[in-house]
Amino acid sequence: PLSSAACFLLLFTFVAGFELGPGTLFWVICNEITPAQLSARAFSVFNATQGLLSLLVTLAFPVLEEQLGSGVLYLFGIPGLAVWVYLLLCLPETKGRSKRVIVREMTSSQWVLHSPWTYLR
C-alpha cells in the first residue's frame, strides 16, 4: 500500500494535471465549440454540470479511498487519461479560425479522430 504522503503526492499530481490541462481550457473550449445562439443556455448547463461533478468527486473520494485504498487513484486517473486522449484525437485546432468554421466542422461527420501529429507541426 502507498503511504499517505505518496497518496497526497499522486492526488496533487492529478489535480495539478487537470488544472494545467483540460481544467483551464474548459471555458475556452466551450466558447469555441458552442454556437452563438446557444451560448447562454449552454454555459448554464456546462457550469451546473461542472459544479455537480466536482461536488460528486469531493464527496466520493474519501469514501472510495476508505474502500479501495490507493486504488482509488486509478479510478480517477484512468478516466483522466481517456479525456486527454479524446482531446488529443478529437478536438479540432481552432487557432486562426472563425467560430462558424469550427462549428461547421464539428457538426459534420468527419470531425472525429484528427491526426494528433497535426498539432506538432
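Serine 39 is where I'll start: this residue is buried, with a relative accessible area of 17%. The cut-off for buried is under 20%, so the 17% of serine 39 meets it. Keep in mind that we are looking at a predicted model.

Serine 39 sits in helix 3. What is serine 39 in contact with, once its neighbours within four places in sequence are left aside? Thr34 and Lys99. Lys99 belongs to helix 5, which covers residues 99-107.

Staying with helix 3, which spans residues 39-68, the next residue to look at is leucine 55. Is leucine 55 buried, exposed or partly exposed? Its relative accessibility is 47%, and it therefore counts as partly exposed. The limits here are 20% and 50%, with partly exposed in between. Leucine 55 is also part of a nonpolar patch on the surface, together with Leu52 and Leu59. The accessible area of these three leucines together comes to about 320 Å².

Now over to helix 5. Which of its residues are buried? They are Ile102, Val103 and Met106. Looking down the helix axis, these buried residues fall within an arc of 95 degrees, so they line one face of helix 5. Arg100 and Arg104 are on the other side of the helix, and they are exposed.

Next, the chain as a whole. The protein chain has five helices and zero strands, so to the eye the order is simple to state: α-α-α-α-α from the N terminus on. The chain has 121 residues, and 17% of them count as buried. Its exposed area is about 9000 Å², of which carbon and sulfur atoms supply 70%. As for contacts with a separation of 6 or more, 51% of them are between residues 24 or more positions apart.

Last, confidence. The average pLDDT of the protein chain is 77, and 85% of the residues score at least 70. Where is confidence lowest, and where is it highest? The lowest is in helix 2, residues 22-33, with a mean of 73. The highest is in helix 3, at 87. Helix 3 is the one that holds serine 39 and leucine 55. As a general caution, predicted coordinates should not be read in detail where pLDDT is low.

To recap the residues: serine 39 is buried, leucine 55 is partly exposed, and helix 5 has Ile102, Val103 and Met106 buried, with Arg100 and Arg104 exposed on the other side.

Terms used. Residues numbered from 1 in each chain as written. Predicted model: local features only at pLDDT ≥ 70, side-chain atom pairs only at ≥ 80, totals over all residues. Heavy atoms only, no water. Patch = residues over 30% accessible without salt bridge, like charges linked within 9 Å, V, L, I, M, F, W, Y side chains within 5 Å. Areas by Shrake-Rupley, 256 points an atom, 1.4 Å probe, with all protein chains shown as cover. Salt bridge = Lys/Arg side-chain N within 4 Å of Asp/Glu carboxyl O. Helix = DSSP H or I, 4+ residues; strand = E, 2+ residues; numbered from the N terminus. Buried < 20%, exposed > 50% of the residue type's maximum accessible area, 1.4 Å probe, protein only. Contact = heavy atoms within 4.5 Å. Arc of directions from axis to C-beta. pLDDT = per-residue confidence, 0-100.
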